[in-house]
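The following account leads the reader through one structure, beginning with its cysteines and moving on to a pocket and two individual residues.

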Amino acid sequence: FFASSCGCTNSSLNVWGVDYPYLRSVDCPLDATTDPNWADTDSYSSEYIKNAVQSTLGITLTGDPSGWFKINSRLDNREHGWITSLSVGGMTVANGKNIDGRTMRETVLNYSLKSAAFELKYDKTADEFIFTTYGYGHGVGLSQWGAKALAENGYNYKQILQHYFTGAEVY
């Protein structure tokens with residue numbers, strides 16, 4: 001379980017590299033309306049980002065900061081979805097691993113972002129990067145805010161568990 005989703009859960013394959021059939025991505029449309037962390041923002045100076053990327057990924061960022069990052073893909077191409085490929089300084093692989101939203105959240109920014117589902121903008125005037133995150137946590141399994149919203153909309157515990165854990169039988 002985790003706090004809240006970006007509109008869908010994440011798959012165990014995407015996060016941990018193991019495909020558990022009961023931990024596949026499912027829709028969670030109510031998180032956007034109930035989660036107090038929805039569209040949370042964090043800002044970091046370009047100098048901080050440059051140093052963090054260099055020290056964690058070994059990538060040297062140069063030139064205009066507005067071109068340092070590009071979101072290439074998201075899980076199931078969903079709006080605000082989990083980032084599955086991210087270019088950093090033109091690179092999509094660092095330290096032998098594909099760069100994704102999780103790499104940015106966990107490795108580069110040491111879990112300071114609430115999730116690996118984010119929008120990223122560079123503010124030239126302030127010389128800082130603004131991350132807008134959707135959801136809170138790794139995204140695998142049951143969304144606590146989503147489950148609360150489902151219960152408030154009449155779902156019972158069996159329906160909630162079966163929604164989040166694909167194919168699971170609840171007795």
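Zero disulfides are found when the whole structure is searched, a disulfide being a pair of cysteine sulfur atoms within 2.5 Å. The model is a predicted one, in which local features need pLDDT of at least 70 and side-chain atom pairs count only at pLDDT 80 or more, while totals for chains, interfaces and linings use all residues. Residues are numbered from 1 along each chain as its sequence is written, and side-chain values use heavy atoms, with hydrogens and water left out.

Cys6 forms no such bond because its sulfur lies 4.1 Å from the closest cysteine sulfur, in Cys8, which is too far. Cys28 is likewise in no disulfide; the nearest cysteine sulfur to it, again that of Cys8, is 6.9 Å away. Cys6 has a relative accessibility of 3% and therefore counts as buried, where buried means under 20% relative accessible area, exposed over 50%, and partly exposed in between (1.4 Å probe, protein chains only). Cys28 is also buried, with a relative accessible area of 3%.

Attention now turns to the largest pocket, whose volume is about 220 Å³. A pocket here is an open set of points on a 1 Å grid over the protein atoms alone, where a 1.4 Å probe fits, with protein on both sides within 12 Å along at least five of seven lines; lining residues have an atom within 4 Å of a point. The volume is the space filled by probe spheres set on the points, which are joined across faces, edges and corners. Of the 13 lining residues, Lys97, Asn98, Asp100, Thr103 and Thr107 are the closest to the centre of this pocket. Two or more lining residues come from each of helix H1 (12-16), strand E5 (97-98) and helix H4 (101-108), and H4 supplies the largest share, four residues. Helices (H or I, at least four residues) and strands (E, at least two) are DSSP runs numbered from the N terminus.

Lys114 is located in the loop between H4 and strand E6 (118-123). Its relative accessibility is 19%, so Lys114 counts as buried. Leaving aside residues up to four places away in sequence, Lys114 touches Asn37, Asp40, Arg105, Thr133, Gly135, Tyr136 and Gly137, contact meaning heavy atoms within 4.5 Å.

Glu169, in the segment after helix H6 (157-164), counts as exposed because its relative accessibility is 60%. The C-alpha atoms of Glu169 and Lys158 are separated by 8.6 Å, the two residues being 11 residues apart along the chain.
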